[in-house]
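Trainee: Could you take me through the largest cavity in this model, with the cut-offs spelled out as you go?

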Amino acid sequence: MNSRNTPKADPAWDNDDDDTVTPRVEQIGVQSVEIAGHILKTLASFDGPQTLSALSAAAGLSSAKVHRYLVSLIRGGFVEQSAVDGRYDFGGATRFIGRVAMNRLDIVRIGTPLLSKLRDELQETVFMGVWTPQGPMVIEWFDIVRPVSVILRPGSILPLHTSALGLICAAYLPPEIIDRALEAEAPQPLLRSRRLAKSKQTELVAQIRQSGFSVVQGDLINGLDAVAVPVLNHRQELVACLAAVGTSGPFDISASGRVVRALKGAASRFAQSLG
């Protein structure tokens with residue numbers, strides 16, 4: 001029978017050698033692009049440059065097939081091969097795309113809908129903060145009407161040791177960054193500020209990292225408590241902070257309470273959106 005007239009299921013991967021063919025059920029695309037993307041994602045799963053045999057084994061493809069794709073990826077600048085040991089790693093084109101993708105990643109765009117949902121769920125004031133050269137900064141704020149006036153707004157710089165946001169930064173940023181920030185920290189007339197002794201700071205940082213959240217009880221603004229949690233990227237680096245503020249007493253600051261659970265859940269979804 002003429003193979004040209006034999007109907008075939010459209011494969012998920014091309015079958016130009018002995019690799020297994022899997023029938024495609026979604027919309028037909030360009031198979032070679034999908035395989036190239038699969039190889040690049042496999043390369044990204046390693047900690048560093050890899051040999052052809054290691055890369056092909058992890059990708060589940062033959063060495064011959066992977067080599068053919070690597071040749072094209074090298075020509076396009078997406079992969080580089082070391083002249084010393086022959087290992088493969090990402091090329092300039094891939095690094096450029098990665099930088100552009102990261103630059104387009106808008107923390108506010110991702111965090112704003114999460115904050116809005118948190119405010120509605122908790123019926124408490126919530127905000128998002130990030131670390132800046134000036135210190136811990138509030139970048140988004142969703143308020144509710146409360147008897148105690150909250151003077152914080154986007155752009156506010158908070159103290160390191162008397163704000164929930166500041167404590168998260170102190171716990172998850174390198175100590176040398178925090179030490180320099182403490183030296184430059186200027187008291188703000190409308191916010192309480194104090195410095196912890198080194199031993200107390202070390203103890204508190206360890207506690208925050210173990211529990212995954214920070215708490216202040218009237219430390220920053222009299223009559224208000226706050227809880228904050230970190231948003232960490234895939235390298236466990238601090239990207240942002242989510243926090244909730246409530247009236248001292250009724251506001252639930254317990255480790256197993258609904259505020260901490262809701263904040264941690266939102267932070268987890270935030271981290272997933274970061275990739």
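Mentor: Sure: the largest cavity has a volume of about 100 Å³, where volume is the space filled by probe spheres set on the grid points, joined across faces, edges and corners. Keep in mind that this is a predicted model, where local features need pLDDT of at least 70 and side-chain atom pairs count only at pLDDT 80 or more, while totals for chains, interfaces and linings use all residues. Residues are numbered from 1 along each chain as its sequence is written, and side-chain values use heavy atoms, with hydrogens and water left out. A cavity here is a set of points, on a 1 Å grid over the protein atoms alone, where a 1.4 Å probe fits but cannot get out; lining residues have an atom within 4 Å of a point. The structure holds 1 cavity of 30 Å³ or more. As for what surrounds the largest cavity, 15 residues line it, and Leu152, Leu220, Ile221, Ala226 and Val245 are the closest to its centre. Two elements, α6 (164–172) and β6 (224–232), each give two or more residues to that lining; helices are DSSP runs of H or I with at least four residues, strands runs of E with at least two, numbered from the N terminus. β6 gives the most, with 3 residues. Sorted by class, the lining comes out as 13 nonpolar, 1 polar and 1 charged residues. Nonpolar covers Ala, Val, Leu, Ile, Met, Phe, Trp, Tyr, Cys and Pro, charged covers Asp, Glu, Lys and Arg, and the others, Gly among them, count as polar.

Notes. On a 1 Å grid over the protein atoms alone, a cavity is a set of points where a 1.4 Å probe fits but cannot get out, and a pocket is an open set with protein on both sides within 12 Å along at least five of seven lines; lining residues have an atom within 4 Å of a point.
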